[in-house]
Amino acid sequence: MEAVVFDGKSLTLKYENKFPIPKLVNDTDVIVKVAYSGVCGTDLHIIQGEFPASKERPLPLGHEFSGEIYEAGKASIFKKGQKVVVDPNRACGLCEFCRGANYQYCLTAGINSTIGIWRNGGWAQYVLAPQDQVFALPSGITLEQAGLCEPYSCVSHGFDRAAPLSVGQKILIVGAGIIGNLWVTTLHHHGHRDVTVSEMNKSRLEIVKRLETGYRLVTPDVLASETIQYDVIIDCTGVGKVMEISFNYLTPGGKYVLFGCCPPAHQASVNPFQIYNKELTLIGVKINPFSFPKAIGWLNAMGGRYLDYHKLGVKTYALSQYQNALDDLKVGNIAKAVFKIN
């Protein structure tokens, strides 16, 4: 089968057209025929050696994907042809964290066993997955829209962590890559209108305009020149230095949501007195524990108004065009690259 394969030892990618098709291992496993598979910011960090991933053997990356059931184990609840999405993360089911419904903290599962990071992922025509990580899609969601389910599941977890987010609060989104854009659509869908989006790449701000939310769009230098303070700041950049700067824009009682995944080596310095004096709250958000059902509900409710690939700045590529996809992401003239497969 076709696949884009990552070698963790040499930090290289390679397109292959004869990568082995997976086979069922357990009676409850399924094989998914992949339709859409996204390139995440975490994937870029992995390729650059900034984020941990498997080095045992070359494997296809890709932890955001939708598709159809190609084959199901004899004990599986799924049937051939069903439209599905796959949660790449799972609980070990044994540790205190997992049994407390917080598998994002698990030392062996969660982010430490992710499909597309530690196990063969969705940058391929077929993927093996345990059925307990697979979710059937309602008829109102297309496979194209469902390709965004995994990142929306992460936003859903962040939304819950930041709650309450009251309509009328002054909110700042920092970074207008795809995650920033998904937060834009989420907040607008939930009724928020007093939102500012900051992004240094002006072509990305032009992409945000396509979403027609009426939000204020600025570059970071504008923020620095103003005295406006925000009730909530959602940092989608994955850059430690950005937090150091943006943290100063919080109003007393404000919340800083550190959503973008920073590489482990990034550092940021904040003033503890400011946290005390303003009673500020810093909120970390890690992956998507049990939030796929909510994300599917969001997709079903949001529909074409918010999930249009062009408006979101999403461009599709064949697997063989993976280098074009990475180059376009580096230039910043798209918000996200998604492989359209099969």
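Two strands are taken to pair if DSSP finds at least two bridges between them. The structure analysed here is a predicted model.

In this model, strand 9, residues 171-174, is joined to strand 12, residues 230-235, by four bridges, and the two strands run parallel. Within this pairing, Leu172 has Ile233 of strand 12 as its bridge partner. Strand 9 is also connected to strand 10, residues 195-198, through four bridges, again in a parallel arrangement. Here the bridge partner of Ile173 is Val197 in strand 10. Between strand 9 and strand 10 the chain passes through helix 5, residues 178-189, and the resulting β-α-β crossover is right-handed.

Strand 9 is covered on both faces. Ile171 and Ile173 lie on one side, Leu172 and Val174 lie on the other, and all four of these residues are buried. Of the residues with bridge partners described above, Leu172, paired with Ile233, and Ile173, paired with Val197, thus belong to opposite faces of strand 9.

Antiparallel pairing is found in a separate description of the N-terminal strands. Strands of a sheet pair through backbone hydrogen bonds, either parallel or antiparallel. An open sheet of three strands is present with the order 2-1-4, and its pairing is antiparallel. The edges of this sheet are formed by strand 2, residues 12-16, and strand 4, residues 59-60, each of which pairs on one side only. Strand 1, residues 3-7, runs antiparallel to strand 2, and five bridges join the two. Val4 is placed opposite Tyr15 of strand 2.

How values were computed:
Residues are numbered from 1 along each chain as its sequence is written. This is a predicted model: local features need pLDDT of at least 70, side-chain atom pairs count only at pLDDT 80 or more; totals for chains, interfaces and linings use all residues. Side-chain values use heavy atoms; hydrogens and water are left out. Buried means under 20% relative accessible area, exposed over 50%, partly exposed in between (1.4 Å probe, protein chains only). A crossover is right-handed if, with the strands pointing away from the viewer, the path from the first strand over the helix to the second runs clockwise.
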